[in-house]
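Work through the exercises below with the structure open beside you. Try each task before reading its solution.

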Amino acid sequence: MGADFQPLPAVREADGTLKVVVPQVPGMGLKALPLTAGSIPEWTTGEGLTIRNEFYEVTVDPARGGAVSSLRSVVEDRELLPAGDIGNELVVQEEFARHPRFGEGPWHLTPTGTTAARSSDVTADIDVDHSPAGSRITVRADLGLFTYTQRLTLWTGVNRLDVTTTLDGYDGEDRLIRVRWPSDVRGGLPVHEVADAVIGRGFGFVEVNSEEFPWTLDNPANTWFGLGSTARVALHDDSGALLGQRAFGVAELVYADWDEAGELGAPLAAALVRAGVTATSTVAGGPRYGDLEVDSNLPDLRIAVGGPARNSLVAEALAMDPAADRELRRQVAERGVAAVWVAPRASLREEWVPGADLRDLERLPLLVIAGADTSGDAKAVEALITDLEDFTVTATAAGGGEALPPGDAWDGRGFAVLNRGTPGCVITSSGDLHMSLMRSCTGWPSGIWVDPPRRTTPDGSGFQLQRWSHTFEYAVVAGEGDWRDLELPARGHEFNHPLTARVRGEGMSPLLPRTTSLLEVEPAREVLLDALKPLGSPLARGGSAPADPGRGVVVRMHEVNGRPARARVRGPVAWTEGARADVLERPGEPLTPDGEGVLETTLTGFEVATVLATPPQAPEPATDPGVAAHEPAQPVHTRYWLHNSGPAPRGNMPVSVYVSPTALTATGPVTATVRVGSELTDTSTTGTVVFEVPPGWSAEPAELPYALGPGGFSLSEVTVTPPPDAEPGRHWLTARLTYGGQTYEDVLGLDVPGGPPAGQGLACDLAADRVTVRRGERAQVPVSLHNTTRGPIGGQLWAVSSWGTWQGVTPGLQGFTVPGGERRESVIEVDGSLIPPGTYWLLAKAAWNGQVAYTRTIPLEVTP
């Protein structure tokens, strides 16, 4: 039920899951919805090939693989795809095993120029379903190389088209699978979100042979990429009439000399970046930017600073266009500064071809910015920077030639694909948006396995061949305006942070408010939250003070549109004080809360800001706030890197212990070195290292107290003596200390001659050859652990499975202890209700005492 106690749009899936369209859920907040007894409708089968909501109408064509043959804007009553073309088409491209020029593996895309398959070449089965929550189309087809299922959903009241594509049965190699969406945007250029900013990109090349043309110009995008404009030039003729707008996103800035580039270049380049334009500075007498043989991308516009008497490139351009020369002189005489457009010889799309070389002056348009002299040039640059504040530069195209060749005038529209974990993408000069879904590579280091025996997927292929089920999620949005007008940064982050639901039953915490927000960052959708954490960063500084939300919180945010903004941070209570800070949380400029307890600060375009916010003094919590970072499996092995488990344990290792060497032959007393070290930079620390030896053995000393200053360490020795009748084989000396709620240990192997070779000391395997569960069922997979040494072994056990199954394969990490010479079983549980139907793989990884072992891989199948 909604706030008006009327039913919200909802549907019950076949597995019983309830999906509800919930409007206006506050950021970092919640909406409490009452559930009432009653019947929620399921999906009902519909007729035809079209679905519709308030924003879009989608039609698919079964004769062309179920691709989208029409995507209409309901609001504008406008077709968004080019006439006769199709969207959501799968394209499978062959690749070289390694780059034919550079000899490298999968760091580069390596297309051969051959398209192995297109989904438009097969016939698909189509199902159309409707519900109060929305409508959907399900496409199923066999491409020969694999089968695919695509689901296109228009949710009620949601302004985007949600798409999932699932691939099953793929068994190929050295192929790249893309999804293609053509766009009817005219004159648009590629625009990508990159981390906390948005920039223009160049067109790329899809169906090329990388032996001949080594660069495809694919690029990553954070949560979305699109076709439109990040900045543009509004072109007028000499009468003042508007000719149109020319989008630009990558510029070459040409100065008279490097001194001028140093003086004027930095502020202009910064202003362009805030408009989403990346720029490279050059000088008139130097080499030009724009040759794909040496440049990693290409400019789409040149901006030259200075009149023809000072800038030789401007002199050359105006000599070819006398009318532009006359216009420049007129503007300088009348206004003191000038902005004049020199037209290119052809459209950008004609010039932008594989292996393009755009260094010739006529191949790109030239925007000349000039004054009467060098000081006038500086004023002209200042005027351009001011003009860029609305991301539209005004210039006059009075010269000969066609100011906007066919295809170069931007029509003021945008088309974008939101991705969820598939950042690789490219947009061609024809306006086709391609997103890479999957690569299947054999080139080095694909298939390399470091820890023997080599493990593979169940069919014997390397994991990089990707031969299991894959589901990809993405969405399409389009409309009038540029990416700012379409609010693409907010929508991309929204798509990547879907709502979560929890059912509150009887006996749970008191009633929640109907709606509340724990943190609000304003202006909404113009400033986005990047991180929220308790105050304190002990890991970054080696500090001893724990993170504590009672002392304050850290808010990291960024401005998304490239405009200055007055950001406001509102908490669940009124803040008592605040400050700007650096990434290490060192306070800087103080911030005074306003009358509502809200903190305000000014952000420049795309600025990332860190704010410290202090809440009112609160009583000490009765329980631990739960922010400490601890490993779930204790103790923590201090030589963690030998376990191939990441850059450091959770919580790092503020204090550590190491025993050297790692193994000794014990025919009598043996001595080892013990090193205790502190990474704490702001305090001393004391404690005790406890030594554990096998029964009947002795350690001298049995305990080792330590007292270390900041960043200090100590070196000591421990002597271990075996009994006269010590059993042959490997035994263990364990050195342990505790700090901050975690136990850290190192071990020393003690080998008594006469036993079998020590080897790794632990054998592990899955006690199953295959796991098959129905959707909604559970299964347990035993993991057998056999300790072949004389002493106990403790370690960590990871469940390792295909991406897309992790939420249903648990626990991801657990500890184990196996007594000497014995066997034990641990259990991995598979929950079929949390894994999409498909065929996957599962193995277990065990790590102990600096050793690692992986079990064989078995098939994991989830059936409907």
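Two strands count as paired if DSSP finds at least two bridges between them. The model used here is a predicted one.

**Exercise 1. An edge of the open sheet**

Task: Find the bridge partner of Thr 45 in S11, then follow the pairing onward into S12.

Solution.
Step 1. S4 pairs with strand S11 (residues 125-131) through two bridges, in the antiparallel sense.
Step 2. Within S11, Thr 45 has Asp 129 as its bridge partner.
Step 3. Asp 129 also stands opposite Arg 136 in S12.
Step 4. S11 and strand S12 (residues 134-142) run antiparallel and are joined by seven bridges. The two strands form a hairpin, with two residues between them.

**Exercise 2. The order of the sheet**

Task: State which strands stand at the edges of the 10-stranded open sheet, and why one side of each has no neighbour.

Solution.
Step 1. The strand order is S4-S11-S12-S13-S14-S31-S28-S19-S16-S17, and the pairing is antiparallel.
Step 2. Strand S4 (44-45) and strand S17 (197-200) are at the edges; each has a single partner strand, so one side of each lacks a neighbour in the sheet.
Step 3. At the S17 end, four bridges link S17 to strand S16 (residues 189-194), and the two run antiparallel. His 192 has Ile 199 in S17 as its bridge partner.
Step 4. Helix H6 (residues 488-496) packs on this sheet, and the strands it touches include S16 and S17. The direction of H6 makes about 25° with that of S28.

**Exercise 3. Two hairpins that share S7**

Task: Describe how S7 is paired with S6 and with S8, and name the residue with a positive phi in each hairpin.

Solution.
Step 1. Strand S6 (residues 56-61) and S7 are antiparallel, with six bridges. In S7, Val 68 is the bridge partner of Val 60.
Step 2. Five residues lie between S6 and S7 in their hairpin, where Gly 65 has a positive phi near 70°.
Step 3. S7 is joined to strand S8 (residues 78-79) by two bridges, again antiparallel. Ser 73 has Arg 78 in S8 as its bridge partner.
Step 4. The hairpin of S7 and S8 has four residues between the strands, and Asp 77 in the turn takes a positive phi of about 50°.
Step 5. S7 (residues 67-73) is mostly covered, with five of its seven residues buried.

**Exercise 4. Two packed helices**

Task: Decide whether H1 and H5 are roughly parallel or roughly antiparallel, and classify the residues in their contact.

Solution.
Step 1. Helix H1 (residues 258-274) and helix H5 (residues 374-387) pack at an angle of about 10°, and their axes are 9 Å apart.
Step 2. Angles under 35 degrees count as roughly parallel, so H1 is roughly parallel to H5.
Step 3. H1 makes the contact with Glu 260, Leu 264, Pro 267, Leu 268 and Ala 271, and H5 with Asp 377, Ala 378, Val 381, Leu 384 and Ile 385.
Step 4. Sorted by class, this contact of H1 with H5 has eight nonpolar, two charged and no polar residues.

**Exercise 5. Cysteines**

Task: Explain why Cys 425 and Cys 441 are not bonded to each other.

Solution.
Step 1. A disulfide is a covalent bond between the sulfur atoms of two cysteines.
Step 2. The cut-off for a disulfide is a pair of cysteine sulfur atoms within 2.5 Å.
Step 3. From the sulfur of Cys 425, the closest cysteine sulfur is in Cys 441, at 17 Å, which is too far for a bond.
Step 4. The structure holds zero disulfides.
Step 5. Residues under 20% relative accessible area are buried. Cys 425 is therefore buried at 0% relative accessibility, and Cys 441 is buried at 10%.

Notes. Residues numbered from 1 in each chain as written. Predicted model: local features only at pLDDT ≥ 70, side-chain atom pairs only at ≥ 80, totals over all residues. Heavy atoms only, no water. Buried < 20%, exposed > 50% of the residue type's maximum accessible area, 1.4 Å probe, protein only. Axes fitted to C-alpha atoms, helices over the stretch in contact; angles between N-to-C directions. Parallel < 35°, antiparallel > 145°, perpendicular 65-115°, else oblique. Contact = heavy atoms within 4.5 Å. Nonpolar A, V, L, I, M, F, W, Y, C, P; charged D, E, K, R; others polar.
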